[in-house]
Structures are given as C-alpha cells and as structure tokens.
Amino acid sequence: MKKKPDVIINTIARLMIPFIQMYALYVMVGTEGAGGGFQGGVVFAASFVLFVTAFGITKGRSRLPESWNTALSSLGLYFYAGIGILCIILSLGVANYLNYGALPLAELIDRAMTRGLMISFVVEVGIAITVMAVFTSIFFDLAWKPEEDKGGEQ
Amino acid sequence: MIVPLDLIALFFLVVIAIAAITVRDLLAAIVLLSAYSFVIATVWVEMHAVDVGFTEAAVGAGATTAFMIATLARTKREEKR
C-alpha cells in the first residue's frame, strides 16, 4: 500500500522528535538519584513510534535495524551488571554488588556524589537503553506486515 | 489531595471503563482505554504520586495505545456479534 506522504504530519514529526528525545534524556539523567530509567526509555521508544507513524515502517526499520535492537537490548544489561561486577572486583575485601564507594572515583570526589553519578549515568542509562530497544522491537514486530519484506512501501 | 476532584475523576474513570468494554468498534475501545490511562495518570499526579503518574502517561497512554493500534491494523476493526 503506497501512500502519499502528508506534509503536516512530516513537518510536525520533524519538529517534535528532537524535543521528545531531549526530554527522554532529561528524564533519564537530569536528576541526581535513582528513578527515571524506565520512563526515559519508554519516551525514547515513543519517539521512534512517531517516526514510524510519519515516515513509514520501512524507513524506520532502516534507521534502527534489527541487529541494532538485539545489540542494544543486551548492551543496557551489560552496563548495569558491569558496573556491579566492577564494584565487586574493586572491593575485594567485602565484595558488595553495586558498592559504589569502592570505585576509584570516590577518592577524588565524595561518596554520595559518586553514587549519584553512577546511578544516573550508568545504571539509569543502561536500563533506558534496554527498555528503548525492547519497546521498539515489540512495536516493529507488531506493525510489520509480511508484504513489506519485499520492500513494498516506498 | 482534593476529595471532590478525586471523586469526579474516579467517576469518569468508571464511566470510561464501562464504555470501553461495551463498545463494538475496537478502535473506539482502544481510544477509550487511552483516555482511561490519561485520567488515571491525572489522578495519580493529583494524589502526589508523580512517578507513578508519569509512568502511566508514558506507558499506558503512549506506548500501549501504539501497540494496540499496530495490532488492530493486522485484524478486523469490528468485534464479532
């Protein structure tokens, strides 16, 4: 099914998508402390949904290929687990998972600051990457039509 | 927390929920569920649970609606009688 691109929808999507993604980044890392990774990932996935709505699923899939989805959905988990295991390795005596005080960064700046930075920039970003990849993957799987495998649209 | 406002919003919530399960047109049901999510998100925010309200607005009114409309495009629009 070939549709003519609508100029209003295309322009609004072009204007809105950068702001939605900026807002998702703000929700992810904007505040120091826990919380916001899941919501930020969902808002980031919503920007891809808007892109697909405006420009068609074939173009959306070429922007975010399936291999990227697979890689990103495990990359976020590696972020989260990796910082925890790094903390285990660095705090050998006590071996606490996600013991941020053992990181060398805690020697330079104080521990509460290190904890805030690690939570908001590593753990939350990891959660957000995984949630974004999984939500876009679900949406593409639901919206994909078999005839589009042959490049029917556009 | 303002009790009359809560009662009005919760009354609308019940009306929207009953409408969503009785309507025959499935696209209308999806839009009513989206409205349900939006109303309950405002109720959460009004009850000072901003985190829950924001999650409900992002997931319920945003992502789930897009998923259900994408699913509806693969099936029939009218419910069988």
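The following exercises, each with a worked solution, concern a predicted model of two chains, A and B.

Residues are numbered from 1 along each chain as its sequence is written, and chains are lettered from A in the order in which they are written. Local features need pLDDT of at least 70 and side-chain atom pairs count only at pLDDT 80 or more, whereas totals for chains, interfaces and linings use all residues.

**Exercise 1. Determine the secondary structure and the extent of each chain.**

Step 1. Helices (H or I, at least four residues) and strands (E, at least two) are DSSP runs, numbered from the N terminus. On this basis chain A has 6 helices and 0 strands, in the order α-α-α-α-α-α. Chain B has 3 helices and 0 strands, in the order α-α-α.

Step 2. The C-alpha atoms of chain A fill a box of roughly 65 × 30 × 20 Å along the principal axes; for chain B the trace spans about 45 × 25 × 10 Å.

Step 3. The radius of gyration is taken over C-alpha atoms, and the globule rule is 2.2 Å times the number of residues to the power 0.38. Chain A has 19 Å, while a compact globule of 154 residues would have a value near 15 Å.

Step 4. A residue is buried if 20 or more other C-beta atoms, placed from the backbone, lie within 10 Å of its own, exposed if 12 or fewer, and partly exposed in between. Buried residues form 27% of the 154 residues in chain A and 22% of the 81 residues of chain B.

**Exercise 2. Describe how H1(A) packs against H2(A).**

Step 1. Axes are lines fitted to C-alpha atoms, for helices over the stretch in contact, with angles from 0 to 180 degrees between N-to-C directions. The two axes come within 8 Å and cross at roughly 170°.

Step 2. H1(A) is therefore roughly antiparallel to H2(A), a term for angles over 145 degrees.

Step 3. Two residues are in contact if their C-beta atoms, placed from the backbone, lie within 7 Å. Among the participants are Ile9(A), Ala13(A) and Ile20(A) of H1(A), and Val43(A), Phe44(A) and Leu50(A) of H2(A).

Step 4. Ala, Val, Leu, Ile, Met, Phe, Trp, Tyr, Cys and Pro count as nonpolar, Asp, Glu, Lys and Arg as charged, and the others, Gly among them, as polar. The contact of H1(A) with H2(A) comprises 15 nonpolar, 6 polar and no charged residues.

**Exercise 3. Characterise the contact between the chains and the largest nonpolar core.**

Step 1. Chain A contributes 13 residues to the contact and chain B 12 residues. On the side of chain A, H2(A) gives the most, with 7 residues. That side consists of 11 nonpolar, 2 polar and no charged residues.

Step 2. A nonpolar core is a set of buried Ala, Val, Leu, Ile, Met, Phe, Trp, Tyr and Cys residues joined through C-beta atoms within 7 Å. The largest has 38 residues, and Val42(A), Ala45(A), Ala128(A), Met132(A) and Ala63(B) touch the most other members. H2(A) gives the most to this core, with 11 residues.

Step 3. Leaving aside residues up to four places away in sequence, Val42(A) touches Val131(A) and Phe135(A), as well as Ala58(B), Val59(B), Gly62(B) and Ala63(B).

**Exercise 4. State the backbone phi and the surroundings of His48(B).**

Step 1. His48(B), although not a glycine, has a positive phi of about 65°. Most residues other than glycine have a negative phi.

Step 2. His48(B) lies in the loop between H2 and H3 of chain B. The residue is exposed, with 9 other C-beta atoms within 10 Å.

Key. Parallel < 35°, antiparallel > 145°, perpendicular 65-115°, else oblique.
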